[in-house]
Amino acid sequence: MDPIAATFLILGLAVLAFLSGRVPLEVVAIGVALALWATGVLTLPEALAGFGDPTVLFIASLFVVASALERSGITRWLGGLIVAHAGHRRGPVIAALGALVAVLTAFLSINGAVAALVPVAAVIARRARIPASKVMIPLAFLASAASLLTLTGTPVNVVVSELAEAETDRGFGFAEFALVGLPLLGGALAVIILFGDRLLPSRPDTLPDPAPGSREAETLSLVPETVRTGAVRTVRTGMRRGTRRTLVITGIMVVLLATGITPPAVAGLVAAGALVLTRVVTLPALYQDISWTTLVLIAGMIPLSAAFLQTGAAEVVADGVLRVVGSADPHLALLAVCVVTVVLGQFISNVATVLIVAPVATAIAVNLGVSPLTFLMALTVAGAASFLTPVATPANLMVLTPGGYRFGDYWRLGLPLAVLFLAAAVLYVPLIWRF
């Protein structure tokens, strides 16, 4: 079979499997890697290269750091500040919650931050006499915006930075994402405060806890077990042994990432190793805290991204996009890429979406003679705009039951936010990362 045709066929089957929710995410990812080898698109070492990729190792180390921050009581302590000082007005409560979720997401990652703050948000809502349905979706949406503050905010940032390094010999800096993340966080907070009360449902806080369906269960599998069950630990207060060690080690990792003294994977692995050696986290608990589904998903999809570049499939799609939108204005091509990313990101993992679309985006940039950094950062922003469905991200799904939501409750507030992120990706990003 022609390598380009085989690559498109494997992509199509993978997307169908993701959308069906009937095939475990890990099986889809491994199936993609094996199919690329079986069809001769990639050699076996190339098809399995994702499992040794520095990106995967760095993300694994971040799960360890997130576990240490949660287990040492740091996240609970920060949450307690809001519980103690939040008033009874919805606007200030949402603003304070947004500030807290921004701090936690920047260093703990989006899924860990939301899992840690769901019970805190519930307590805040009860004390402020605000329905939980007015608080939980804002928590998840603000976390998505805050994931654009640092390299460690979400695995998507790590993936895109590594792709930028491969394409341009310059990855994105640790806090470089904040150039677009801070304005978007402020914009998202303004939209939620101004329109959230009207666009979010008002529901009783005591609703049955339905068992998740197949797609929901697959999305939740992207969250480590201890994070999914972290609500019980989060409501307790006080620090635990190892807090100071955790802060010191995490601080050193942040410095290494921010200065670029070492590659991100080295900084993360050193921090993870130090946390184990100082017994902040133990190995049995550590294995539970790592989301193996996330790691296998990324490792299995990285070769597909490579296949798009090696076979010329990305060039084929890029040429098709350019024939439709023309080559006079790169903004139109950027818009097309971002729209595809936003749509796909509502139904399949945004990490998988970015890995699929990134080769196309870089190929379009090369054909237009513009910087791939512009397209990759815009792709990152569009990938964070997963606001329309509860299954778009694990964070969205984690607030479904606590907020008493239905499937159709997300898009009302999510749509203006998605438009905001899309506009930022197409119009604002090129102002900072020039074409």
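Which residues do ring pairs link into a cluster? They are F141, F387, Y405, Y410 and F421. Please keep in mind that this is a predicted model. This briefing starts with those aromatic rings, then turns to a buried glutamate, E176, and ends with two loop residues, D169 and R279, that have positive phi values.

**Aromatic rings**

- The structure has seven aromatic pairs in total.
- One of them joins F141 and F387 in an edge-to-face arrangement, with the ring centres 4.9 Å apart and 65° between the planes.
- That angle is over 60 degrees, which is why the pair counts as edge-to-face rather than tilted.
- F141 sits in helix α8 (residues 136–146), while F387 belongs to the loop between α21 (372–383) and α22 (394–398), so their pairing ties together parts that are 246 residues apart in sequence.
- F141 is buried, at a relative accessible area of 1%.
- F387 is buried as well, and its relative accessible area is 1%.
- Both of these phenylalanines belong to the cluster, where ring pairs link them with Y405, Y410 and F421.

**E176 and its surroundings**

- E176 is located in the loop between α9 and α10.
- Is E176 buried or exposed? Its relative accessibility is 16%, so E176 counts as buried, the cut-off being under 20%.
- The E176 side chain makes a polar contact of 2.7 Å with the side chain of W433.
- Leaving aside residues up to four places away in sequence, E176 touches R170, G171 and W433.
- W433 therefore appears twice for E176, as a residue it touches and as its partner in a side-chain polar contact.

**Positive phi outside glycine**

- D169 has a phi near 65°, a positive value in a residue that is not glycine.
- Where does D169 lie? Its place is the loop between α9 (155–168) and α10 (178–199), and E176 is found in the loop between those helices too.
- D169 is exposed, with a relative accessible area of 65%, whereas E176 counts as buried.
- R279 also has a positive phi near 65°, and R279 is likewise a residue other than glycine.
- The loop that holds R279 runs between α15 (264–277) and α16 (283–289).
- R279 is exposed, and its relative accessible area is 65%.

Conventions: Residues are numbered from 1 along each chain as its sequence is written. This is a predicted model: local features need pLDDT of at least 70, side-chain atom pairs count only at pLDDT 80 or more; totals for chains, interfaces and linings use all residues. Side-chain values use heavy atoms; hydrogens and water are left out. Helices (H or I, at least four residues) and strands (E, at least two) are DSSP runs, numbered from the N terminus. Buried means under 20% relative accessible area, exposed over 50%, partly exposed in between (1.4 Å probe, protein chains only). Rings of Phe, Tyr and Trp (its six-membered ring) pair if their centres lie within 6.5 Å; planes under 30 degrees apart count as stacked, over 60 as edge-to-face and the rest as tilted. A polar contact is a pair of N or O atoms within 3.5 Å; within protein, one must be able to donate a hydrogen and the other to accept it, and residues adjacent in sequence count only if both atoms are side-chain atoms. Contact means heavy atoms within 4.5 Å.
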